[in-house]
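Please open the model in your viewer and keep the selection panel at hand. The stops below say what to select and what is there.

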Amino acid sequence: MTSFVGRRHTLAQLDEELRAHRLVTVTGPGGVGKTRTALTAAGKAKLPAVRVVELASVTHETQVAPTAATALGVPDQSNRDAIDRIVDHLSGTEVLLVLDNCEHVLDASARFVIRLLNALPGLRILATSREPLGIRGEQVHLLAPLEVPDSDAAAGAGALDHVPAVRLLVDRARSVLPDFTVIPENREAVVALCRRLDGLPLAIELAAVRLRSMSVSQVVRRLDRRFHLLAGRDPAADPRQRSLRALIDWSHDLCGPQERLLWARMAVFPAAVDLDTVERVCGFGELSGDRLVDALDGLVGKSVVVADRQGEQVRYRQFVTLREYGAELLAESGEVSLLRRRHRDHYVDRAALCVTRWCGPHQASDLATLREDHPNLLAALAWSAETPGEAPAGARLASLLRYHWIAGGFLSNGRRWLERLLPELESGSRERAETLWSAAWVALIQGDRGVARAYLDECARISDTMDDPGLQGHVRLWRALLNLFEGDLSAARELYRQAIEIHRSQGDVGLALTASFQLAMAQAYAGRAREALATCSAVIEEASAVGERWNRAYAHWAAAISHLHLGDVVRARTAIAAAMRIEQDFRDGVCTALCTEVCSWVAASSGHAADAAALEGMAASVWHRIGTSLQAFGPHAAHEGSRHSTRVDAELGPERAAAVRAEYARVTLAEAVRLGLDLVVHQSRATRPLRRPESPDSPLTGREHEIAALIAKGMSNKAIAAELTISPRTVDGHVERILRKLDFSSRTQIASWLAASNG
């Protein structure tokens, strides 16, 4: 009695699977829409007859076949086995049998299906279940929730009608509020509601009912009590479908004791985690060893946990609603504090490993892992800050995450947590000293020099009291950076030399290299370009020998500036290209922004003013994304940037230069790296970026337009991933969304649409 929204691509895929396989099982979590999708697919199937058997009411496995016989209208006039009577009834016909809700009688359903398929060659079965039937030849179709809007869509102006979750919300809301629509005043709340409900159709439908008496924003604010809030009263609905709690209770009842325990313990993770993390945090007591792996496999099979795959890497997550249900179970178990502490301590160990092996070949992979773990890191820090007695361990985690904050692109997050934990730390303690210099480093990158100076002064007092050489080396290193950013180059150079000597004496090669490339920056701006080049060369040589690349990238960047000061544009281009190539793997926001700035300077010095303006726009975009600016890096860098910008204005004219900058003012970090290499290294006007600004009249985002253009050129998803320096899985997701938004069934239709939309 309600419209079927979205899933066009899913229906087309199910149609293909039903033609190719005699048994297709639609799996997925409760409330994802398995039954509705299966019935819609069956209705579109090109088969002479469709029959539906609903098993939700079956309470014992012996009732499966009799229930099916009744649903199929098989006469019950003999004492023959129900399956035999069904076989006789369907013999010689071509039928699609929809077997709905098999999960609670899984083994009996599997035996029933095998008997029928063996006896009836004209039979095809479309089953729905929260886990596969486990039959040889079964084609499993995992039904994902509806696509939700991107988080940045809340601030956008384009239409949201093409997003399936929003379309469903609007459609169902109009049944209780006929004039409901997405308007600027409720846009942010609509996006938040669809995202927080994970795109689960049942949750969205239950939320829509609440709109008869509440605004969208009021519903969003009350989602913390979602099990009570999202309860329906539709007498026509299956009792299990009337509320989220009833639905999830049903899933919980299907789980074994160890699966239920793992469900509760995994509530400690706010986002996807790898197997090692699940084992280290949850693998104790009744879930020790292989018992945890077996329980995890069971939860994945029952669609309680989702396994996200990227190559050989697998990460596990729960939908928000299932996790919140698990959190209630965890609270009842009395294990909350134990799990939270194990969770925090695991990430302390992971962050410590990153620091320990930072000066080596694992930098990029460690940063990538910490980026994926970011929501879990914040959760661990929050618990430590809010729990009495846990602040010192939390501060240790925050300071060990130094490279995550600086190189990973989370400056504001890092400073927030370092400064939140500082007041809870004992005066004069090592934890306080480590937190102080870490916070000073972040504050310096953000341009807040006064705060950094105060932190370093206190850290110096603690390091002197403790007579700790390592801390004294940090004080000198970050005071040198403070002097550099304040323009006192002579004081900076002297402190850098002291810091290098201390860190080398302590065996910390990584920090010695960091101090060295910063020394090169001070030398370059002090008019000692050749001396700076010698310093950079030494850093690059030593870093290369141990497989270290983060400091090496910055050394190439400083070398590019030095070459520009000597008037050697060719060598400057070579140096900055080397830095940018490293950034393809690192995605260090600070280094990307600085390198893009220098790319602009190289382009301007080469006579390519338009390219220089484009690169300025890209740099501004990256600076904005990471929350700082070139001005934070001191008067010398700011003056050089201003000088080149003035030159671009003079060559292009201020209005045209501003227009070019604005065109590229929304690029991502990855795009800045790719386009920087394109414009500066290749110097090819023919390779002008494909990306175009997002149009409010188009259903595609700017990134999707870019991918569509590459598809139109005949490039495969793998080739597109290499071209854009993103993962193949990310490209696959974009292509799927493009096809759904445009209601296309194949990539070949995209080229025609793009040509037509471009006029």
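This tour of a predicted model goes through its cores, some helix contacts and a few single residues.

**The cores**

Start with Leu-262, Tyr-496, Trp-557, Ile-576 and Phe-633. These residues have the most contacts inside the largest nonpolar core, which has 166 residues. Keep Leu-262 selected and show what surrounds it. Beyond its neighbours within four places in sequence, Leu-262 is in contact with Val-278, Cys-282, Leu-287, Leu-292, Ala-295, Leu-296 and Leu-299. Next select Leu-11, Leu-143, Leu-169 and Val-220, which are among the 42 residues of a second, separate core. As a general point, nonpolar side chains tend to be buried together in soluble globular proteins.

**Helix H6**

Leu-169 leads to the next selection, residues 164-173, which form helix H6. How many of the residues of H6 are buried? The count is 8 of its 10 residues, so H6 is mostly covered, buried meaning under 20% relative accessible area. Colour Pro-164, Ala-165, Val-166, Leu-168, Leu-169, Val-170, Arg-172 and Ala-173 to see the buried residues of H6. Then add helix H2 (34-44), helix H7 (187-196) and helix H8 (201-210), which are included in what covers them.

**Helices H3 and H4**

Select residues 64-71 for helix H3 and residues 82-90 for helix H4; their axes come within 8 Å and cross at roughly 35 degrees. The crossing of H3 and H4 is left-handed. On the H3 side, show Ala-65, Pro-66, Ala-68 and Ala-69; they meet Ala-82, Ile-83, Arg-85 and Ile-86 in H4. By type, the residues of this contact are 7 nonpolar, no polar and 1 charged.

**Helices H16 and H18**

Move on to helix H16 (residues 336-356) and helix H18 (residues 374-386). Their axes are 9 Å apart, and the two helices pack at an angle of about 120 degrees. H16 is therefore oblique to H18, since angles of 65 to 115 degrees count as roughly perpendicular and those over 145 as roughly antiparallel. The crossing of H16 and H18 is left-handed. To see the contact, show Ser-337, Arg-340, Arg-341, His-343, Arg-344 and Tyr-347 in H16 against Asn-376, Leu-377, Ala-379, Ala-380, Trp-383 and Ser-384 in H18. The residues of the contact of H16 with H18 divide into 5 nonpolar, 4 polar and 3 charged.

**Single residues**

Select Gly-134, in the loop between strand S4 (123-128) and strand S5 (139-142). Is Gly-134 buried or exposed? Gly-134 counts as exposed because its relative accessibility is 68%, and the cut-off is over 50%. Draw a distance from Gly-134 to Ala-395: the C-alpha atoms are 48 Å apart in space, and the two residues are 261 apart in sequence.

Go next to Asn-483, in helix H24 (residues 469-486). Asn-483 is buried, with a relative accessible area of 14%. Leaving out residues up to four places away in sequence, Asn-483 touches Asp-488, Ala-491, Ala-492 and Leu-495.

The loop between helix H23 (449-466) and H24 holds Asp-467. Asp-467 is not a glycine, yet it has a positive phi of about 50 degrees. In general, most residues other than glycine have a negative phi. Asp-467 counts as exposed, at 57% relative accessibility.

End at Arg-587, in the loop between helix H29 (569-586) and helix H30 (589-605). Arg-587 also is not a glycine and has a positive phi, of about 55 degrees. With a relative accessible area of 44%, Arg-587 is partly exposed.

Notes
Residues numbered from 1 in each chain as written. Predicted model: local features only at pLDDT ≥ 70, side-chain atom pairs only at ≥ 80, totals over all residues. Heavy atoms only, no water. Core = buried A, V, L, I, M, F, W, Y, C linked by side-chain atoms within 4.5 Å. Buried < 20%, exposed > 50% of the residue type's maximum accessible area, 1.4 Å probe, protein only. Contact = heavy atoms within 4.5 Å. Axes fitted to C-alpha atoms, helices over the stretch in contact; angles between N-to-C directions. Helix = DSSP H or I, 4+ residues; strand = E, 2+ residues; numbered from the N terminus. Parallel < 35°, antiparallel > 145°, perpendicular 65-115°, else oblique. Left-handed = near helix turned anticlockwise from the far one by under 90°. Nonpolar A, V, L, I, M, F, W, Y, C, P; charged D, E, K, R; others polar.
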